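User: I'd like to go through this model with you and ask what stands behind each label. Could you set each value against its definition as we go?

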Amino acid sequence: MASTNNVTELIIVGLFQDPEVQRACFVMFLPVYLATVVGNGLIVLTVNVSKSLRSPMYFFLSYLSLVEITYSSTVVPKFITDLLAKIKTISLEGCVAQIFFFHFFGVTEIFLLTVMAYDRFVAICKPLRYTTIMSQFVCRLLVAVSWLGGIIHSMVQILVTVQLPFCGPNVIDHYFCDLHPLFKLACTDTSVEGVIVLANSGLISVFSFLLLVSSYMVILYNLRNHSAEGRRKALSTCASHITVVLLFFGPAIFLYMRPSSTFTEDKLVAVFYTVVTPMLNPIIYTLRNAEVKNAMRKLWEKKVNSEVG
């Protein structure tokens with residue numbers, strides 16, 4: 001760390017203090033995390049193996065699912081193991097590393113969701129030019145820019161954090177390391193750092209959300225000129241995306257667009273977007289998408305037939 005610190009290890013308060021409740025949470029959250037990894041991993045596998053899922057929409061969906069796995073894995077495995085531990089600790093360097101990867105994958109997901117909205121906008125509003133605009137090169141470039149944006153955002157967060165001195169106390173009032181709970185432990189005023197976080201995290205979430213809402217308003221307006229069947233199919237695809245956007249952006253805006261002094265009741269909100277939402281995404285996309293379901297069915301039948309043969 002750049003600053004002189006007396007604190008080298010942090011004690012994590014956790015979600016609940018009652019051991020019985022913690023064990024119950026372990027039993028509940030472990031299957032949720034496994035479902036997140038398996039569900040999103042199955043989408044990545046299906047899109048990459050199935051020849052019927054070669055459109056840009058599924059290309060972006062596979063990367064979104066990959067990000068969901070990594071995003072959830074930065075927090076949930078330690079959170080689950082800590083539920084069975086009497087004393088929950090993490091090194092200061094480990095805490096900073098967790099913050100870096102958590103924000104890196106989180107903002108990458110925000111940019112990917114925005115890219116997916118742009119893909120739907122082009123597909124519905126400029127259908128004749130869709131294959132030209134959303135070429136393979138452009139799709140890969142948009143994914144690369146999303147990852148780069150996540151890295152730049154996260155590096156800013158870390159550069160702000162490593163300058164802070166931590167000389168005690170060392171108890172972080174959360175179940176994982178995030179900026180606002182860590183800032184409370186700094187033995188200096190962090191109001192400027194709080195504003196930087198507000199600008200860096202909160203404004204990215206709000207502007208991206210407004211851009212997404214605007215794009216879908218334009219899409220809905222343009223659907224007036226489509227046939228009833230075309231409207232139904234487009235609305236079904238967009239509904240899945242809009243649902244995922246609301247589930248992800250709602251908690252993010254709620255947490256990062258507020259002053260850091262009021263972050264005491266936000267653990268359950270954080271559980272929703274770190275544990276629950278990554279599991280829901282594959283369910284939302286597969287239940288509402290016949291092509292993905294058919295591709296998964298064919299993949300399963302192929303596996304069964306190969307085992308029988």
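User: Which residues is H226 in contact with, and what makes that a contact?

Analyst: Leaving aside neighbours within four places in sequence, H226 is in contact with I124 and R231. Contact means heavy atoms within 4.5 Å, so that is the test these pairs have passed. This is a predicted model in which local features need pLDDT of at least 70 and side-chain atom pairs count only at pLDDT 80 or more, while totals for chains, interfaces and linings use all residues. Residues are numbered from 1 along each chain as its sequence is written, and side-chain values use heavy atoms, with hydrogens and water left out.

User: Where does H226 lie, and why is it called partly exposed?

Analyst: H226 is in the loop between α8 (191–222) and α9. Helices here are DSSP runs of H or I with at least four residues, strands are runs of E with at least two, and both are numbered from the N terminus. The relative accessibility of H226 is 27%. Buried means under 20% relative accessible area, exposed means over 50%, and partly exposed is in between (1.4 Å probe, protein chains only). The 27% of H226 falls in between, so partly exposed is the right label. The C-alpha atoms of H226 and P19, 207 residues apart along the chain, are separated by 57 Å.

User: What makes S62 and L164 buried?

Analyst: S62 has a relative accessible area of 6%, so it counts as buried. This residue sits in helix α2 and is in contact with V44, V47 and N48, leaving aside neighbours within four places in sequence. L164, in the loop between α6 and β3, is at 2% relative accessibility and therefore counts as buried too. The C-alpha atoms of L164 and F183 are 8.2 Å apart, with their positions 19 residues apart along the chain.

User: How do you know which strands pair in the sheet, and what is their order?

Analyst: Two strands pair if DSSP finds at least two bridges between them. β1 (residues 9–12) and β2 have 3 bridges, in the antiparallel sense, and β1 is joined to β3 by 2 bridges in a parallel run. Both counts reach the limit of at least two, so both are pairs. The result is an open sheet of 3 strands, ordered β2-β1-β3, with mixed pairing. I11 stands opposite T89 in β2, and I12 stands opposite I172 in β3.

User: Why do β2 and β3 stand at the edges?

Analyst: β2 (89–91) and β3 (171–172) each have a single partner strand, so one side of each has no neighbour in the sheet.

User: Which side chains of β1 are buried, and which are not?

Analyst: L10 and I12 point to one face and are buried, while E9 and I11 point to the other and are not. E9 has a relative accessible area of 43%, which is why it is partly exposed. E9 touches T89, I90, S91, L92 and N170, not counting residues up to four places away in sequence.

User: What lies across the strands, and at what angle to β2?

Analyst: α4 lies across β1, β2 and β3, running at about 85° to β2. Axes are lines fitted to C-alpha atoms, for helices over the stretch in contact, and angles run from 0 to 180 degrees between N-to-C directions.

User: What makes something a pocket, and how much space lies in the largest pocket?

Analyst: On a 1 Å grid over the protein atoms alone, a cavity is a set of points where a 1.4 Å probe fits but cannot get out, whereas a pocket is an open set with protein on both sides within 12 Å along at least five of seven lines; lining residues have an atom within 4 Å of a point. About 380 Å³ of space lies in the largest pocket, a volume being the space filled by probe spheres set on the points, which are joined across faces, edges and corners. Its lining has 18 residues, with M57, K233, A234, T237 and E291 closest to the centre. α9 gives the largest share of that lining, 7 residues.

User: How do the linings of the two pockets divide by residue type?

Analyst: Ala, Val, Leu, Ile, Met, Phe, Trp, Tyr, Cys and Pro count as nonpolar, Asp, Glu, Lys and Arg as charged, and the others, Gly among them, as polar. The largest pocket's lining has 6 nonpolar, 6 polar and 6 charged residues. For the second largest pocket, the lining divides into 9 nonpolar, 5 polar and 2 charged. That second largest pocket holds about 310 Å³ of space, and α2 gives the largest share of its lining, 5 residues.
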